[in-house]
Amino acid sequence: MNEIYEILADIRPEFDFKESSDFVEDGYLDSFDIVTLVSELDTKYNISIDGLDIVAKNFCSIEAIMNIIRKNGGEI
Amino acid sequence: MYNSVLCYLEKTVEKYPDKTAVVDKGGNITFKKLKHCAQIIASAISEKNVGVRKPVLVYLPKSRWSIVSFMGILYSRNFYTPTDVGFPFEKVKSILDCLHPVLIITDGANKGKLIKNDVSQDIILNIDELDFDSLQVVSNIDHIIDTDLVYTLFTSGSTGIPKGVAITNRSIIDYVDWVKDTYQVSDKDKIGNQAPFYFDNSTLDIYTALCTGATLYIIPETLFAFPAELMQYVRDHLINMVFWVPSVLINIANSDILSRIDCCCLNKILFAGEVMPNRHLNYWRRFIPEALYSNLYGPTEITVDCTYYIVDRQFEDDEPLPIGIPCRNSDVFILSEENTLIEKEGQIGELCVRGSSLAVGYLGNEEKTKEVFVQNPLNSLYKELIYKTGDLVYYNDRNEIMFVGRKDFQIKHMGYRIELGEIENAVMKVPEIGNACVIYDSQNKDIILCYEAVEDIMDKDIRRFLTKVIPKYMIPTKYRRYDSLPLTDNGKINRKLLESECIGD
């Protein structure tokens, strides 16, 4: 979990992701960030997140991101 | 001949009063209501006694109300500048300092930000306080002439001071009539808007819809982060025409969405703003073969586009796509460094433009205007301005124009036009940084910051600082720290060496 917080903090250091209940709604992650985040997660967990899984509800919280990594075969 | 872009709206209201003009995530508005509300705003502006032909800033979230406000400002015989409420205020302030608007149109939710940043209450018009059910005062548009301004859009300036490109009614009418005829746009079309309103690609979306009676869908910005949801939106709303930046089309191709979501409702796919790679375009053509694909090209200074290419043949993945031929009533030609005309195939020179599309210059900035809006060197008989784009191009063997790159340090990143100098300027405001050079890796779409730190600083802290000064799309994506940046023999930062070190590793 901390690893993911670190990745997020690198992408948007101006935000405290622990404060947000919905990263997308709160505007913490925009289209640039999602592209960067998916590519970071793909590299870090040696996975390839399916395009159909790149939807807002899979990136709105830390739990959702962890689920999507697991769903795509990543180990956390 | 029309004197004002408002004629588009008026004619369309006569023909299709109750048809939906604009749809956004909060609701929709008909053409008749759009005109009515715009005139209410126009009356409210006139009551403020601000005069005519003056700049008005629109500080609203992107929605149907932005378009109503634009039209309201035009009905009041003034011109508008859209800004993003998500911009750091320092960026908004640099626009305010250049524009000196007589009025700022905002809503209840964003008014506070203006007040907090010392904007005078007297120049704020809060549209939430207007009564849109009241009787309209009919605004007369007969006094508008086609050389009056419609908008001033701000582009990145290399010194950090933005440049306000001033565009007249005539230029927009010239452009939109061409779009309507070339792409056969009618009231049956549904246009899916992506471009922010401060980016002039939105001129096509907004004014083509107003001109033809097509419905404009303002696609929620968050969907552009999620290609599957974006294409579901396109499919669900049966959007058939889009004018998007290539980055969005590339993202959809990279996520392989089209094989899984059927978007054959799309039959006009236009793009501009940056280079569109054929590899990704071929993906689109494979899944939506029946659609018309068109690559458009043009800087803000010549009103959206001056060349276009309708894709008419097969391309290999690694072949470049032409930017094509001049748009109707535009003359586009290539000048050598010696200001001679280049007509020979393959010879590189600077693309120059002549026509009604030319901006009247940069607002309040005679010096910058004179640098790029110059007397046509090929015409010594009468006064005729051309715009020197700074873009390097050549003719291919079919006499189509091919884009090569820039003469200077301007880049296109995710469709946004950015001067690397503006980023460097912002970086130099970070107290811990002694010197900096920003380079662009166009292959990997990375803005790379090379910097010398005088004190310890983390990349994160630099980013955090920059988010307060420049828009998100300008923030460097890679950081490299140097004890001292390499210099050339005459003491300037050795950009070429940095480029060879940083790009491609």
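The exercises below work through a predicted model with chains A and B.

Residues are numbered from 1 along each chain as its sequence is written, while chains are lettered from A and ligands numbered from 1 in the order in which they are written. Because the model is predicted, local features need pLDDT of at least 70 and side-chain atom pairs count only at pLDDT 80 or more, whereas totals for chains, interfaces and linings use all residues.

**Exercise 1. Confidence**

State the scores for chain B and for the complex.

Step 1. Chain B averages a pLDDT (the predictor's confidence in each residue, from 0 to 100) of 96, and 100% of its residues score at least 70.
Step 2. For the complex, the predictor gives an ipTM of 0.89 and a pTM of 0.94.

**Exercise 2. Helix 1 of chain A**

Determine which residues of helix 1 of chain A are buried and which are exposed.

Step 1. Count the other C-beta atoms, placed from the backbone, within 10 Å of each residue's own: 20 or more is buried, 12 or fewer is exposed, and in between is partly exposed.
Step 2. In helix 1 (residues 2-11; helices are DSSP runs of H or I, at least four residues, and strands runs of E, at least two, numbered from the N terminus), the residues I4(A), L8(A) and I11(A) are buried.
Step 3. These residues cover an arc (taken from the directions from the helix axis to the C-beta atoms) of only 60 degrees, which puts them on the same side of helix 1 of chain A.
Step 4. An α-helix has 3.6 residues a turn, so residues three or four places apart point the same way.
Step 5. N2(A), E3(A) and E6(A), on the other side of helix 1 of chain A, are exposed.
Step 6. The cover over the buried residues includes helix 2 (31-44) and helix 3 (62-71) of chain A.

**Exercise 3. A hairpin in chain B**

Describe how strand 20 and strand 21 of chain B are joined.

Step 1. Strand 20 (residues 385-395) and strand 21 (residues 401-406) of chain B run antiparallel, joined by five bridges; pairing requires at least two bridges found by DSSP.
Step 2. V393(B) stands opposite F403(B) of strand 21.
Step 3. The two strands form a hairpin with five residues between them, and N399(B) in the turn has a positive phi of about 65 degrees.

**Exercise 4. T477(B)**

Place T477(B) and list its contacts beyond close sequence neighbours.

Step 1. T477(B) sits in the loop between helix 13 and strand 26 (478-482) of chain B.
Step 2. T477(B) is partly exposed because 17 other C-beta atoms lie within 10 Å.
Step 3. Leaving aside neighbours within four places in sequence, T477(B) is in contact (C-beta atoms within 7 Å) with D446(B) and I447(B).

Note on methods:
Two residues are in contact if their C-beta atoms, placed from the backbone, lie within 7 Å.
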